[in-house]
Amino acid sequence: VDRTTLFERQLVDALELCARALRSGHPLSGCFQLLSREIPAPVGRIFAEICQQQAMGAGLEEALRRAAELTQSADMKLFSAALAIHVRTGGNLAGVMESLALVIRERMRQNRRFRMITAQTQFSKRVLLTMPFLVLGALFAVSPEYVRPLYSTEAGMALLALAGALMLAGWFLMEKMAAVRA
């Protein structure tokens, strides 16, 4: 598991734990201390740094902003912004934490699904591009006289060149269709 995936999973777990702690009556600062103790690094360390910055006099919004910058995680930035807005406006903080956890978990699920579909597309592309060569090889092995006009006549060579060009165009189109757009 790479570091980004580990961070995302731990952040979801941390948000769910924080929501449960808030529902049981713990203050937000107590939730962050709980997270720093119960969640392993890297997320636990981030929340420990938030607690440390608050203990040294930094405001919650500033500590969250620094944590979001430090992690360079879009999910942490979303959490930081949502919490900063919520602290200013008030409301059901546990509900916000649960909603964020749900959104992040769903995004992770969609990313896994996207990677799976992309892998299927790449596999299909390889199969489709290999198939004509396998069929031509099988035909040549079974009946070389049947295939001989393709490489011994001008019309056959033109058809092979056209087939090669069309396969190259098909490869190009499949690459474009499978390309991930940022």
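The radius of gyration used here is taken over C-alpha atoms, and the rule for a globule is 2.2 Å times the number of residues to the power 0.38. Keep that in mind for the first exercise. The structure above is a predicted model.

**Exercise 1. The overall form**

Task: Find out which elements build the protein chain, and set its radius of gyration beside the value for a compact globule.

Solution:
- Step 1. Start with the elements: the protein chain has 8 helices and 0 strands. Reading from the N terminus, the order is α-α-α-α-α-α-α-α.
- Step 2. Turn to the radius of gyration. For 182 residues, a compact globule would come out near 16 Å, whereas the protein chain has 28 Å.
- Step 3. Look at the box around the C-alpha atoms. Along the principal axes it is roughly 85 × 25 × 25 Å.
- Step 4. Add the surface. About 11,800 Å² of the protein chain is exposed, and 63% of this comes from carbon and sulfur atoms. Of the 182 residues, 30% count as buried.
- Step 5. Finish with the contacts. Taking those between residues at least 6 apart in sequence, 55% join residues at least 24 apart.

**Exercise 2. A bridge between two helices**

Task: Which helices does the salt bridge between Arg88 and Glu61 tie together, and are the two residues buried or exposed?

Solution:
- Step 1. Find the pair. Arg88 and Glu61 form a salt bridge, and their closest N and O atoms are 2.7 Å apart.
- Step 2. Place both residues. Arg88 belongs to helix H5 and Glu61 to helix H4 (residues 60-71), so the bridge ties together parts that are 27 residues apart in sequence.
- Step 3. Check the accessibility. Arg88 counts as exposed because its relative accessibility is 60%, and the cut-off for exposed is over 50%. Glu61 has a relative accessible area of 32%, so it is partly exposed.
- Step 4. Put the pair in context. The whole structure holds 10 salt bridges. Elsewhere, Glu62, Arg65, Arg66 and Glu69 are linked in a network of salt bridges.

**Exercise 3. Two bridges that involve helix H6**

Task: Describe the salt bridge of Arg109 with Glu106, then that of Glu175 with Lys125.

Solution:
- Step 1. Begin with Arg109 and Glu106, whose side chains meet in a salt bridge of 2.7 Å, N to O. The two are separated by about one helical turn because they lie 3 residues apart in helix H6.
- Step 2. Both residues are partly exposed: Arg109 has a relative accessible area of 39%, and Glu106 has 35%.
- Step 3. Now take Glu175 and Lys125. Their side chains form a salt bridge of 2.0 Å, N to O. This pair links distant parts of the chain, with Glu175 in helix H8 (residues 154-178) and Lys125 in helix H6, 50 residues apart.
- Step 4. Compare their cover. Lys125 is buried, with a relative accessible area of 8%, while Glu175 is partly exposed at 29%.
- Step 5. See what surrounds Lys125. Leaving out residues up to four places away in sequence, Lys125 touches Trp171, Met174 and Glu175.

**Exercise 4. The surroundings of His86**

Task: Is His86 buried or exposed, and which residues is it in contact with, leaving aside its neighbours within four places in sequence?

Solution:
- Step 1. Locate His86: it sits in helix H5 (residues 74-89).
- Step 2. His86 counts as buried because its relative accessibility is 10%, and buried means under 20%.
- Step 3. List the partners. Once neighbours within four places are set aside, His86 is in contact with Gly91, Asn92, Leu93 and Val96.
- Step 4. Zoom in on Asn92. A polar atom of the His86 side chain is 3.4 Å from the backbone nitrogen of Asn92.

**Exercise 5. A nonpolar patch**

Task: Which residues make the nonpolar surface patch, and which helix gives the most to it?

Solution:
- Step 1. Name the members: Phe123, Val127, Met131, Leu134, Val135, Leu139 and Tyr146 make a patch of about 700 Å².
- Step 2. Find the main contributor. Helix H6 (residues 93-142) gives the most, with 6 residues.
- Step 3. Pick one member as an example. Met131 lies in helix H6, and it counts as partly exposed because its relative accessibility is 41%.

Conventions: Residues are numbered from 1 along each chain as its sequence is written. This is a predicted model: local features need pLDDT of at least 70, side-chain atom pairs count only at pLDDT 80 or more; totals for chains, interfaces and linings use all residues. Side-chain values use heavy atoms; hydrogens and water are left out. Patches are made of residues with over 30% relative accessible area and no salt bridge: like charges are joined within 9 Å, nonpolar side chains (Val, Leu, Ile, Met, Phe, Trp, Tyr) within 5 Å. Accessible areas come from the Shrake-Rupley method with a 1.4 Å probe; for residues, only the protein chains shown count as cover. A salt bridge is a side-chain nitrogen of Lys or Arg within 4 Å of a carboxyl oxygen of Asp or Glu. Helices (H or I, at least four residues) and strands (E, at least two) are DSSP runs, numbered from the N terminus. Buried means under 20% relative accessible area, exposed over 50%, partly exposed in between (1.4 Å probe, protein chains only). A polar contact is a pair of N or O atoms within 3.5 Å; within protein, one must be able to donate a hydrogen and the other to accept it, and residues adjacent in sequence count only if both atoms are side-chain atoms. Contact means heavy atoms within 4.5 Å.
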